[in-house]
Amino acid sequence: MLVVVSDTHSTDGHRLTNRTLDAVRDADLVVHAGDFMRESVLDAFIDESEEFLAVYGNNDGPEIRARIPEARNFTYGGVEFAVTHTRRGGGTALSLFGRERGADAVIFGHSHRPTFDGTGEIPLVNPGSHAQPRGNRQAHAEFEELPDGGLRGRLVTVDGDVFQTFRVVPGGH
């Protein structure tokens with residue numbers, strides 16, 4: 001399973017709880033879309049994860065930026081993801097970012113609002129924030145490989161309630 005989190009905004013550890021903590025510990029790969037706040041928070045995620053990838057966010061200082069990139073690509077279950085914290089220009093800019101990087105889907109953070117938008121050329125996934133929801137649900141995203149190809153995705157609250165499901169396949173929708 002691939003687990004995606006973002007926007008921890010912590011000064012005292014990863015702040016993972018309940019289903020989100022279990023999912024991170026059970027995942028083959030954990031991806032964080034930025035805004036750790038402290039280097040020790042980044043290290044706490046690395047310690048909890050079997051494999052960990054991340055990008056830095058606008059609130060991450062030079063010590064974090066020296067360790068992880070602003071943007072990256074990775075492949076999971078045959079799906080090519082492009083990851084960034086945010087792009088000025090909203091969904092259009094995020095889609096362009098994904099297209100420029102040859103991605104099937106884009107993962108991003110910043111808004112703290114868990115969303116899946118499959119209406120454009122490239123699906124956009126924001127896991128929300130598990131730690132600081134800012135009026136939204138505390139959430140993360142999970143992806144599992146499907147036997148016929150692609151990934152089944154879901155947005156999940158920290159208490160384990162699945163509130164949106166979707167599919168991401170190589171080549172887009």
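## A walk through the model, starting at threonine 157

Threonine 157 is buried, with a relative accessible area of 10%; here buried means under 20% relative accessible area, exposed means over 50%, and partly exposed is in between (1.4 Å probe, protein chains only). Before going further, a word on what you're looking at: this is a predicted model, in which local features need pLDDT of at least 70, side-chain atom pairs count only at pLDDT 80 or more, and totals for chains, interfaces and linings use all residues. Residues are numbered from 1 along each chain as its sequence is written, and side-chain values use heavy atoms, with hydrogens and water left out.

Back to threonine 157, which sits in strand β10 (residues 151-157). Helices (H or I, at least four residues) and strands (E, at least two) are DSSP runs, numbered from the N terminus. Setting aside neighbours within four places in sequence, threonine 157 is in contact (heavy atoms within 4.5 Å) with Arg19, Thr20, Arg137, Gln138, Ala139, His140 and Phe163.

Strand β10 also holds leucine 151, and that residue is buried because its relative accessible area is 0%. If you leave out residues up to four places away in sequence, leucine 151 touches Tyr76, Gly77, Val79, Phe81, Phe143, Glu144, Glu145, Leu146, Phe166, Arg167 and Val168. How far is leucine 151 from asparagine 126, computed between C-alpha atoms? Those atoms are separated by 16 Å, with the two residues 25 places apart along the chain.Now for the charged pairs. Side chains of opposite charge can pair when their charged atoms come close. The structure holds ten salt bridges, each one a side-chain nitrogen of Lys or Arg within 4 Å of a carboxyl oxygen of Asp or Glu. Take arginine 19 and glutamate 142, whose closest N and O atoms are 2.8 Å apart in one such bridge. Arginine 19 lies in helix α1 (residues 18-26) and glutamate 142 in strand β9 (residues 139-145), so this pair ties together parts that are 123 residues apart in sequence. Arginine 19 is partly exposed, at 28% relative accessible area, whereas glutamate 142 counts as buried, at 0%.

Glutamate 142 also forms a salt bridge with arginine 154, again with the closest N and O atoms 2.8 Å apart. Since arginine 154 lies in strand β10 and glutamate 142 in strand β9, the pair ties together parts that are twelve residues apart in sequence. Both of these residues are buried. Step back a little, and you find Arg19, Glu142, Glu144, Arg152 and Arg154 linked in a network of salt bridges.

Another salt bridge joins the side chains of aspartate 43 and arginine 67 (2.7 Å, N to O). Aspartate 43 belongs to helix α2 (residues 39-48) and arginine 67 to the loop between α3 (62-65) and β4 (71-76), so parts that are 24 residues apart in sequence are tied together. Aspartate 43 is partly exposed at 30% relative accessibility, and arginine 67 is partly exposed at 38%.

Next, the helices and what they pack against. In α1, the buried residues are Thr20, Leu21, Ala23 and Val24. Seen down the helix axis, they fall within an arc of 165°, so they line one face of α1; the arc is that of the directions from the helix axis to the C-beta atoms. These buried residues pack against β1 (2-5), β2 (29-32), α2, β9 and β10.

Helix α2 has Val41, Leu42, Ala44 and Phe45 as its buried residues. They cover an arc of only 160° around the axis, which puts them on the same side of α2. Their cover includes β1, β2, β3 (52-54) and α3.

Over in α4, the buried residues are Ala93, Leu94, Ser95, Phe97 and Gly98. What covers them includes β4, β5 (79-84), β6 (105-107) and β8. After α4 comes glycine 102, whose phi is positive, near 70°.

Helix α4 brings us to the last stop, the largest pocket, which has a volume of about 190 Å³. On a 1 Å grid over the protein atoms alone, a pocket is an open set of points where a 1.4 Å probe fits, with protein on both sides within 12 Å along at least five of seven lines, and lining residues have an atom within 4 Å of a point. Grid points are joined across faces, edges and corners, and the volume is the space filled by probe spheres set on the points.

Which residues lie nearest the centre of the largest pocket? They are Leu94, Phe108, Ser111, Arg113 and Asn126, out of a lining of 14 residues. At least two lining residues come from each of α4 (90-100), β7 (115-117) and β8 (124-126), and α4 gives the most, with three. By class, the lining has three nonpolar, eight polar and three charged residues. In this count Ala, Val, Leu, Ile, Met, Phe, Trp, Tyr, Cys and Pro are nonpolar, Asp, Glu, Lys and Arg are charged, and the others, Gly among them, are polar.
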